[in-house]
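Got the sequence and the 3D view open? Take a moment to turn the model around before reading on, and then we'll walk through it together.

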Amino acid sequence: MSFKEDPRAIRTQEMLKATLLELLQEGHSLHQISIQELTKRANLNRTTFYLHYQNINELKEHLTYDILQVLTDKIENLTAVFDRNRKENLIQLLDYLREQRNHILALVQFEQVEKHLLLLMKDLIVTRRNQSKNIGRKTFVDKDIKTASIVGVIMWWLKYGLHLDSAYIADQINLMYRT
């Protein structure tokens with residue numbers, strides 16, 4: 001069993017990621033967080049940190065990757081489904097985003113998170129348009145504008161609109177963007 005597969009190593013990495021996320025959610029910026037502060041909060045020593053990561057930025061990259069990988073899988077699933085399942089998959093995506101809300105909002109300060117979400121949604125829009133039955137249709141909302149507005153609606157919902165459930169938001173997105 002390699003070090004990367006060792007359950008203790010995985011558990012330690014998860015503890016470090018969770019602690020970093022806690023600190024970010026408390027309002028600390030990445031450059032304010034020291035390895036000493038992070039490891040003290042995680043009840044680990046600095047040497048343990050350096051067995052897994054070179055610096056805080058590398059830890060942040062791993063944390064971001066984990067969350068974005070699940071998000072990527074969920075959005076790619078939306079690309080593969082037919083019309084009748086799209087709403088259900090969109091609701092599942094929105095439910096995931098709601099569950100991960102605090103994580104996503106903490107990580108949104110890093111430009112790569114929003115860029116990644118924009119790229120995923122843009123790919124989804126382009127794929128759906130290519131699969132669309134509206135082949136003869138000449139007028140579409142620009143894919144970049146559509147992408148930004150969908151991501152904007154989702155981010156607004158995560159920040160301010162949680163009194164609205166994911167099915168309602170999915171209906172609203174579908175009403176706004178049929179193509």
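What follows is a tour of some helices, ring pairs and charged pairs in this model.

Let's start with how far to trust the picture. This is a predicted model, so each residue comes with a confidence value from the predictor, called pLDDT. The mean pLDDT of the protein chain is 86, and 89% of its residues reach 70 or more. Which elements have the lowest and the highest mean pLDDT? Helix α5 (residues 83–99) has the lowest, at 82, while helix α2 (residues 35–41) has the highest, at 96.

Now go to helix α7, which runs over residues 111–131. You can do a little check on this one. At 1.5 Å a residue, its 21 residues should span 30 Å, and the C-alpha atoms at its ends are indeed 30 Å apart, so the expected span and the model agree. Next, look at which of its residues are hidden. Val113, Leu117, Leu120, Met121, Leu124, Ile125 and Arg129 are buried in α7. They cover an arc of only 165 degrees around the axis, which means they are on the same side of α7. Turn to the other side of α7, and you'll find Glu111, Leu119 and Asn130 exposed. Why does a pattern like this repeat along a helix? An α-helix has 3.6 residues a turn, so residues three or four places apart point the same way.

Helix α9 (residues 166–176) lets you try that idea again. Its buried residues are Ser166, Ile169, Ala170 and Ile173. Looking down the axis of α9, you'd see these buried residues fall within an arc of 100 degrees, so they line one face of the helix.

Let's move on to the aromatic rings. A pair of aromatic rings is described by the distance of the centres and the angle of the planes. How many aromatic pairs does a search of the whole structure find? The search finds two. In one of these, Phe49 and Tyr50 sit edge-to-face, with 5.4 Å from centre to centre and 90 degrees between the planes. The other joins Phe49 with Tyr53: this pair is tilted, with centres 5.8 Å apart and 45 degrees between the planes. Why is one called edge-to-face and the other tilted? An angle over 60 degrees counts as edge-to-face, and one from there down to 30 counts as tilted. Put the pairs together and you get a cluster of Phe49, Tyr50 and Tyr53.

Are the members of this cluster buried or exposed? Phe49 is buried, with a relative accessible area of 0%. Tyr53 is buried too, at 2%. Tyr50 is partly exposed, with a relative accessible area of 43%. Another ring to find is that of Phe110: Lys60 lies over its face, 4.6 Å from the ring centre.

Charged side chains come next. The structure holds eight salt bridges, and a few of them are worth a visit. Arg8 forms one with Asp6, and their closest N and O atoms are 2.9 Å apart. Arg8 counts as exposed because its relative accessibility is 56%, whereas Asp6 counts as buried at 15%.

Now find Lys17. It forms a salt bridge with Glu14, the closest N and O atoms being 3.4 Å apart. Both residues lie in helix α1 (residues 7–25), three residues apart, which is about one turn of the helix. Lys17 also meets the side chain of Asp66 in a salt bridge, at 2.5 Å from N to O. This pair links distant parts of the chain: Asp66 is in helix α4 (residues 56–80) and Lys17 in helix α1, 49 residues apart. Together, Glu14, Lys17 and Asp66 are linked in a network of salt bridges. Within that network, Lys17 is buried, with a relative accessible area of 7%. Glu14 is partly exposed at 41%, and Asp66 counts as partly exposed at 30%.

For a last stop, look at the backbone of Asn43. This residue lies in the loop between α2 and α3 (46–52). Most residues other than glycine have a negative phi. The phi of Asn43, though, is near 60 degrees, a positive value in a residue other than glycine. Asn43 is also exposed, with a relative accessible area of 69%.

Definitions and conventions
Residues numbered from 1 in each chain as written. Predicted model: local features only at pLDDT ≥ 70, side-chain atom pairs only at ≥ 80, totals over all residues. Heavy atoms only, no water. Phe/Tyr/Trp six-rings, centres within 6.5 Å; stacked < 30°, edge-to-face > 60°. Buried < 20%, exposed > 50% of the residue type's maximum accessible area, 1.4 Å probe, protein only. Lys NZ or Arg CZ within 6 Å of the ring centre and 35° of its normal. Helix = DSSP H or I, 4+ residues; strand = E, 2+ residues; numbered from the N terminus. Expected span 1.5 Å × (residues − 1). Arc of directions from axis to C-beta. pLDDT = per-residue confidence, 0-100. Salt bridge = Lys/Arg side-chain N within 4 Å of Asp/Glu carboxyl O.
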